[in-house]
Structures are given as structure tokens and as C-alpha cells.
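Trainee: I am new to this structure and would like to look closely at a single part of it. Could you take me through one helix and its surroundings, step by step?

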Amino acid sequence: ELLEDHPDGTPNARQIASPGVADYLRALEALAQKDEKLAATYLRQALDHNPGNTFAGDQLVRLYYNSRQYGPVSEIYRHFGVTPFKSSAETLAQITVSLSQTGDTATAKEVLQTAREYLPQDPLILAAARSLERGGR
């Protein structure tokens with residue numbers, strides 16, 4: 001949607017003015033420069049301005065999860081719920097494991113159940129289920 005009218009990939013001014021788009025573009029720039037802390041800041045701003053930006057949500061969760069920062073992943077889920085993440089098995093699995101790692105096994109099980117409803121045979125969801133059954137460690 002953002003890039004469909006622009007073969008060269010540049011968004012127009014109206015699209016950049018949409019909530020969270022400028023933040024998301026800054027996050028992509030920061031990621032390209034390997035500045036993950038700044039990227040996380042901009043991704044969070046993009047998600048705050050537009051919770052429907054699944055790309056920002058997925059990337060933010062991935063950044064924190066890959067750094068083993070499970071608390072921020074859990075907080076993002078608590079703030080935004082499952083909606084921005086429901087199409088990504090990887091993100092739902094990362095949220096499940098993060099909740100478990102922070103001691104919130106009950107919510108981890110709820111996320112896992114929801115993930116199974118959306119993506120019942122996905123191998124990442126099945127792996128997260130096995131991890132949760134083993135105690136999440």
C-alpha cells in the first residue's frame with residue numbers, strides 16, 4: 001500500500017504524513033546503520049502512532065527478543081495485545097517465549113492458544129508450545 005504507486009519505492013508526502021510512517025522510515029534508516037537502540041525507539045513510536053503497522057511491531061519484537069530483552073517484548077504485548085502480531089508465527093512465538101521467560105506463564109499460554117487458532121500447524125508455534133511445556137527455559 002505504501003509503495004504501490006511508486007515504482008522506485010519512494011512514498012509521497014501524504015503517505016509520509018500518515019501516522020507513524022515517518023517514524024517507521026527513520027527506524028529503517030537506523031537499522032540500516034546498525035543502530036538498534038535508535039531503531040527500537042523509532043519502531044515503538046511508529047507502533048504507538050499506528051498500532052496496525054505490523055511491520056513495525058514484528059521488527060520491534062524481533063529486536064528485543066534477539067537481544068534477550070524479554071521484558072520489553074512482554075510489555076509491548078501487554079500494551080498492544082495480539083492484533084498487530086496475529087499474522088506472524090515468528091512474532092507470536094517470540095512473545096510466548098518472552099512472557100514465559102519473564103514468569104508470566106498464564107499469559108504465555110493465552111498467546112499460544114490464540115496463535116494456534118490463527119496458525120494451527122505452524123512449526124514455530126508448535127516449537128513455542130514444546131518450549132512452554134518444558135518450562136520455557
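Mentor: Before we begin, one term is needed: two residues are in contact when heavy atoms of theirs lie within 4.5 Å. Please also keep in mind that what you see is a predicted model.

Let us take helix α4, which runs over residues 54-66. This helix has 13 residues, and from its first C-alpha to its last it reaches 18 Å, which is close to the 18 Å expected at 1.5 Å a residue. Along α4, the residues Ala56, Gly57, Asp58, Gln59, Leu60, Val61, Leu63 and Tyr64 are buried. If you ask what covers these buried residues, the answer includes α2 (21-32), α3 (36-49), α5 (70-80) and α6 (89-101).

The start of the helix deserves a careful look. Asn53 is placed in the loop between α3 and α4, and this residue counts as buried because its relative accessibility is 12%, where buried means under 20%. A side-chain oxygen of Asn53 reaches to within 3.2 Å of the backbone nitrogen of Phe55 at the start of α4. The side chain of Asn53 also reaches the backbone nitrogen of Ala56, at 2.9 Å. When residues up to four places away in sequence are not counted, Asn53 touches Tyr24 and Leu47.

At the other end, just after α4, comes Arg68, which takes a positive phi of about 60 degrees although Arg68 is not a glycine. Its position is in the loop between α4 and α5, and Arg68 counts as exposed because its relative accessibility is 63%, while exposed means over 50%. You can set beside it another residue other than glycine with a positive phi, namely Lys34, whose value is near 65 degrees. Lys34 sits in the loop between α2 and α3, and at 72% relative accessibility Lys34 counts as exposed.

Next come the aromatic rings. A pair of such rings is described by the distance of the centres and the angle of the planes. A search of the whole structure finds 1 aromatic pair. Its members are Tyr65 and Tyr70, which stand edge-to-face, with 5.7 Å from centre to centre and 70 degrees between the planes. Tyr65 is counted as partly exposed, at 22% relative accessibility, whereas Tyr70 is buried, with a relative accessible area of 19%. The two values fall into separate classes because buried means under 20%.

From here we can turn to the charged side chains in the helices that help to cover α4. Side chains of opposite charge can pair when their charged atoms come close. Over the whole structure, a search finds 5 salt bridges, and I will describe some of them. Arg44 forms a salt bridge with Asp48, in which the closest N and O atoms are 3.1 Å apart. Both Arg44 and Asp48 lie in helix α3, 4 residues apart, which is about one turn of the helix. Asp48 counts as partly exposed, at 41% relative accessibility.

Arg44 has another partner as well, for Glu75 forms a salt bridge with Arg44, the closest N and O atoms being 2.8 Å apart. Because Glu75 lies in helix α5 and Arg44 in helix α3, this pair ties together parts that are 31 residues apart in sequence. Glu75 is partly exposed, with a relative accessible area of 35%.

A further salt bridge joins Asp104 to Arg78, and here the closest N and O atoms are 2.8 Å apart. Asp104 lies in the loop between α6 and α7 (105-118), while Arg78 lies in helix α5, so the pair ties together parts that are 26 residues apart in sequence. Of these partners, Asp104 is buried, with a relative accessible area of 18%, and Arg78 counts as partly exposed, at 49% relative accessibility. Salt bridges that share partners also join Arg44, Asp48 and Glu75 into one network.

To put the picture together, begin again at α4: its buried residues are covered by parts that include α3 and α5, and a salt bridge between Glu75 and Arg44 ties α5 to α3. Asn53, in the loop between α3 and α4, reaches with its side chain to the backbone nitrogen of Ala56, and Arg68, with its positive phi, follows just after the helix.

Definitions and conventions: Residues numbered from 1 in each chain as written. Predicted model: local features only at pLDDT ≥ 70, side-chain atom pairs only at ≥ 80, totals over all residues. Heavy atoms only, no water. Helix = DSSP H or I, 4+ residues; strand = E, 2+ residues; numbered from the N terminus. Expected span 1.5 Å × (residues − 1). Buried < 20%, exposed > 50% of the residue type's maximum accessible area, 1.4 Å probe, protein only. Polar contact = N/O pair within 3.5 Å; in protein donor to acceptor, adjacent residues only side chain to side chain. Phe/Tyr/Trp six-rings, centres within 6.5 Å; stacked < 30°, edge-to-face > 60°. Salt bridge = Lys/Arg side-chain N within 4 Å of Asp/Glu carboxyl O.
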